[in-house]
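Thanks for sending this one over. Here are my notes, in numbered points, for when you next have the coordinates open.

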Amino acid sequence: MSGEFAVVGTRIAQPDGPAKATGEAVFAGDVRLPGMLIGKVLRSPYANALVRSIDISGAAALPGVVCVLTPDDVTDWNTFDRGMKDMPLIAGGYRIPPEEAVVNRHPRHFGDAVAAVAAVSEHVAEQALALLAVEYEQLPFVLDPEEAIKPGAPQVSPEAPGNIGKHLTYPFPSGDVEQALAEADVVVEGSFRTPKQEHCTQETAASVAYVDSAGRLNVYSQCQLAHLARRELAHIFKMPVHKVKVLTPFIGGSFGQRGSLCAEPLAAALALTSRRPVRLVFSREDHFTSLESRTGFKRVTVKMGFKRDGTLTAIKTDMLGFLGAYMACGPMASVIGMSLVMGLYRCDNRAGEADMVMTNTPPSGAMRGFGNEVMSFAVEQLMDEAAERLGMDPVELRLMNAKHQGDVAPFGLNLESTYLEDCLRLGGRAFGWRPKAEITSAAVEKGVAETKGGPRVRRGVGMCAMNHCSGAAPLYLEHSNAIVKFNEDGSVNLTVHPAPVGSHIWGALSQICAEELGIRAEDVNIVTGDTDVTLFEYGSDASRSTYAIGGATKRAAQQAKEQLLAFAAEKLDAQVEDLEIRDGVVYVAQAPDRSCPVGDLCYDAIYSFGGHATNFAGKQSFEPEWNSPIYGAYFAEVEVDTLTGRVKVPRFVTAMDCGTAINPMSVEGQIEGGLQQGLGYALTENYAIDPQTGVVQTTNYDSYKVPGSMDMPESTVLIVDEPDPKGPFGAKGVGEPGMVGIAPAIANAIYDAVGVRMREVPITPEAILAALADQDRE
């Protein structure tokens, strides 16, 4: 479909590329201001405690220390919800209690902030932390959700009786699940477990804050939701919203973590107290111990019923999740996961519920996939189990139950487009998938069949299907804005406020704007990063930026184009409907010799006398009331070493229906990056907490294994380039789906290789060996 367009569908160079390549890009940690201080944070060494006293005399007397902040100093400020969801943004009045203070007298988890300092250098700030003498009273703690909900367990929060932070149900139930399961010819069920996962952003959390001469708080923030961050910071410090300005620098990754406040409240508090600029950069250890990580689930139990012909008739889910010490964004992982995965296939009978439990562990929150990866890990393995029991090929079972246009989409809306069947067929063809009845393993064609039953390395293949959202309508508010202004030379300023977290969103929005206006993408200048300049923007999460901010951009460009064409019609003595714009020139369609460059028209309009001067510009607010799901299919080949338990993934194929690919190179990059992150989730990334003390044991990359470039398989990415009727030029989102199906595809391939089902990630060598030993005993 991209051949229909001039700019959309092309592999443009990214607008932010030169700044990053030359080092001109300014990240939060690069900001330097006159008189700036360096902030550091003291964190609790205990899983649950009370701060009885803090002796600051030694730190305060240290030369170069300007400010020491303790719980006694923050009592006049409001507590807050770092996930910023305690607001009328979520349908149904969903509320998260604002329980966290800037620094906490009652630290609820190892790594919780208890004090902070600002000094003239990092060295002095670190010395000052060491001089703070804190008297703690250790309190009983609970780390496991199953233990936390037992009678008599230590209570983590007064807002969560019995430690149930939220009890949530599947929002779109249908039919009679119990009856359908009772009548099913084949029932498969299983209980699965998924861990917390650290986001491992290339740049750690950082913020710079200062109070200007007008008394306004200025904050350099990495937050993906800059306008919500401004509102929340104003709430914390009891300031009018207009007294806070949030500035968005370049951001070195997020994956959902920057959807919450991270370093900003502490940096702002130190700046307000010291009345000097303060830069606060978290260490990697701060990341692991204090920030939100992926919401883990102690138990995900799924039960599915099928007719003998393979028709899916029922699906039932029960979830028990880790929230950590503060509710933050974590509860919604259950609802989003259930909504997406239980809505992937046609099924008349669906029900689910989740208990999201508070524990004395670092908070859980949003991470790429946000619940979808959890439910996919469970449901997609059970789909394979059902296929085996039904005597069907896994691909054929999924094709049989795939939804079609006009069916109900995962979030209860009408399904406008789906090309899951294309993904399954194209991906299977590229992978060399063969029905199991014909060939045990597609790897046979590569000459490796002799290892299949060998004594050591065994190969297998697996696959899975997936859908994801383009934004969060109707669950969350979807409100985006864009301003498109023509300059006198025919170039355009596009004013928007997405988060530049590495998704190449500036380029995609430039292409959408340029395509609508008939100009080059390089003639679109992005104006962004300042809440004083940009209109309200919900922000960049839920794979919404291209879909929602792109929708606002296209509409604003349409409005500006209408003004341009009306002016051109007078100049060219033509009707507006007879005009078109190509390559920066307005033509009369039936008489192309009658034309005028866009730059000349803009110049004439701006410098026109006689009351006709104007500047072509469009401003549009956009709130999509729909949600176009992305569909995908994943195919994995694995090698399992039965002596060591190590799993290698030599080959992987991903086929993705993301609507029109605005920039295929960016789409491929998102999917490749998702594969690497998904490999870590599936095989190596194990967030460990000492069960006896609550101390986080994995606090850096020497103890937390993130896959590197040498761990990547041979990867093939296929883009099913078919337009969606609702997205801008047919586009959907694609930021998250790349990682969602990695773990279940690998787990299914491991089963194909060695005949054991892995119900927990990461699938470590130890877990493989234990499962093989259990298999030998049976």
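1. A small thing to start with: P474 sits in the loop between β17 (457-468) and β18. The peptide bond that joins A473 to P474 is cis, with omega at about 5 degrees. Please keep in mind that this is a predicted model.

2. There is another cis peptide bond to look at, from V761 to P762, where omega is near 0 degrees. P762 belongs to the loop between α18 and α19.

3. Helix α19 (residues 765-777) has 13 residues, which at 1.5 Å a residue should span 18 Å; the C-alpha atoms at its ends are 19 Å apart, in agreement with that. Its buried residues include I768, A771 and L772. Viewed down the axis of α19, the buried residues fall within an arc of 100 degrees, so they line one face of the helix. The spacing fits the usual geometry: an α-helix has 3.6 residues a turn, so residues three or four places apart point the same way. E766 and R777, on the other side of α19, are exposed. As for what lies over the buried residues of α19, the cover includes β25 (630-641), β26 (647-657) and α18 (742-754).

4. Now to the open sheet of four strands, which runs in the order β20-β19-β18-β24 with mixed pairing. Its edges are β20 (524-527) and β24 (617-622), each of which pairs on one side only. From one strand to the next, the twist averages 20 degrees. Helix α14 (residues 545-572) packs on this sheet and touches β18, β19 (492-495) and β24; the direction of α14 makes about 145 degrees with that of β24.

5. Within that sheet, β18 (residues 480-486) pairs with β24 in the antiparallel sense, over six bridges. If you want a register to check, V484 stands opposite G618 in β24.

6. Is strand β1 buried or exposed? Seven of the seven residues of β1 (residues 37-43) are buried, so the strand is largely enclosed by the rest of the structure. The cover is on both faces: L37, G39, V41 and R43 are buried on one side, and I38, K40 and L42 on the other.

7. The partners of β1 are worth a look too. With β11 (residues 278-281), β1 pairs in the parallel sense over three bridges, and I38 stands opposite R279 there. With β4 (residues 113-119), β1 pairs in the antiparallel sense over six bridges, and G39 stands opposite A118.

8. Helix α11 (residues 394-401) has six of its eight residues buried, so this helix is largely enclosed by the rest of the structure. The buried ones are P394, V395, L397, R398, L399 and N401. At the N-terminal end of α11, D393 acts as the cap, with a side-chain oxygen 3.0 Å from the backbone nitrogen of V395.

9. Two backbone angles to finish. H504, in the loop between β19 and α13 (505-517), has phi near 65 degrees, a positive value in a residue other than glycine. S543 is not a glycine either, yet its phi is positive at about 55 degrees; S543 lies in the loop between β20 and α14. How do they stand on exposure? H504 has a relative accessible area of 31% and is partly exposed, whereas S543, at 10% relative accessibility, counts as buried.

How values were computed
Residues numbered from 1 in each chain as written. Predicted model: local features only at pLDDT ≥ 70, side-chain atom pairs only at ≥ 80, totals over all residues. Heavy atoms only, no water. Buried < 20%, exposed > 50% of the residue type's maximum accessible area, 1.4 Å probe, protein only. Polar contact = N/O pair within 3.5 Å; in protein donor to acceptor, adjacent residues only side chain to side chain. Pairing = 2+ DSSP bridges. Axes fitted to C-alpha atoms, helices over the stretch in contact; angles between N-to-C directions. Contact = heavy atoms within 4.5 Å. Expected span 1.5 Å × (residues − 1). Arc of directions from axis to C-beta.
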